[in-house]
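Let's take a friendly walk through one protein chain together. Have a look at the picture first, then read on.

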Amino acid sequence: MFELIRAGGWLMVPIIGCSILALAIITERFISLRDSRVVPKGLLAQVWELVRSGDMTPEQMRSIKHESPLGSIVVAGLNSSAHGREVMKESIQEAATLVVHELERFLNSLGTIAAITPLLGLLGTVIGMIKVFTEIMMQGTGNANVLAGGISEALITTAAGLSVAIPTLVLHRYFQRKVDTLVLTMEQESIKLVEIVHGERDVDFR
């Protein structure tokens with residue numbers, strides 16, 4: 001493996017760096033975007049039961065707020081529920097903006113990695129072919145080892161760049177879709193909360 005990396009030339013260093021960074025981001029996003037962490041099942045029912053029974057305390061609200069992104073949105077809505085439906089909706093939207101920003105964290109970086117690694121591989125291809133043609137100009141076509149080295153460098157960097165870019169791009173699209181799904185779920189739960197608090201909907205948390 002080390003010989004393969006060395007044969008690819010110095011452009012293998014940023015390509016490998018991109019692969020390590022992409023792996024770190026992918027691992028972190030898989031952990032952070034779990035359904036159980038973002039939109040815990042039964043949270044809205046639990047919160048409403050506490051509110052209805054009068055057992056909701058400031059400490060419990062702080063705990064709910066910090067346990068999950070959905071919890072922070074629900075608490076924001078409850079804090080402004082006494083000021084009317086529209087104010088409650090605005091508070092939920094403000095909290096949701098921050099939550100969505102947090103859910104999308106690092107996705108731009110992941111997309112950038114998916115975009116630049118093929119370009120780094122292409123740059124390696126160009127550099128390798130320049131070396132090949134330079135040697136042809138200086139020594140002719142008789143030195144097969146030198147020509148093979150330049151071609152090898154070109155092919156290795158291209159393959160390495162694509163090997164990093166393809167799975168990174170696939171997972172970037174997956175995480176974008178995952179965030180969209182989570183945001184839709186939180187939006188639906190928020191609408192339920194607003195309508196229940198203001199008596200416009202029967203309690204139904206299915």
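Among contacts in the protein chain between residues at least 6 apart in sequence, what percentage join residues at least 24 apart? In this predicted model, the share is 75%.

**The overall build**

Following the sequence from start to end, you meet the pattern α-α-α-α-α-α-α-α-α. In total, the protein chain has nine helices and zero strands.

The chain holds 206 residues, and 36% of them are buried. Its accessible surface is about 12200 Å², and carbon and sulfur atoms account for 62% of that surface.

**Segments marked in a record**

An unreviewed UniProt entry gives the feature "transmembrane region" at residues 12–31, 113–134 and 146–171. Two of these spans are set out below, with the distance between their end C-alpha atoms.

| Residues | Distance between end C-alpha atoms | Helix | Strand |
|---|---|---|---|
| 12–31 | 29 Å | 100% | 0% |
| 113–134 | 31 Å | 100% | 0% |

**A residue to look at: F106**

Now find F106, which sits in the loop between α7 (85–103) and α8 (107–139). The phi angle of F106 is near 75 degrees, a positive value in a residue that is not glycine.

Is F106 buried, exposed or partly exposed? With a relative accessible area of 37%, F106 counts as partly exposed, because that class lies between the buried limit of under 20% and the exposed limit of over 50%.

Note on methods:
Residues are numbered from 1 along each chain as its sequence is written. This is a predicted model: local features need pLDDT of at least 70, side-chain atom pairs count only at pLDDT 80 or more; totals for chains, interfaces and linings use all residues. Side-chain values use heavy atoms; hydrogens and water are left out. Helices (H or I, at least four residues) and strands (E, at least two) are DSSP runs, numbered from the N terminus. Buried means under 20% relative accessible area, exposed over 50%, partly exposed in between (1.4 Å probe, protein chains only). UniProt positions are given in the numbering used here, feature names are shortened, and annotations may be inferred rather than shown by experiment. Contact means heavy atoms within 4.5 Å. Accessible areas come from the Shrake-Rupley method with a 1.4 Å probe; for residues, only the protein chains shown count as cover.
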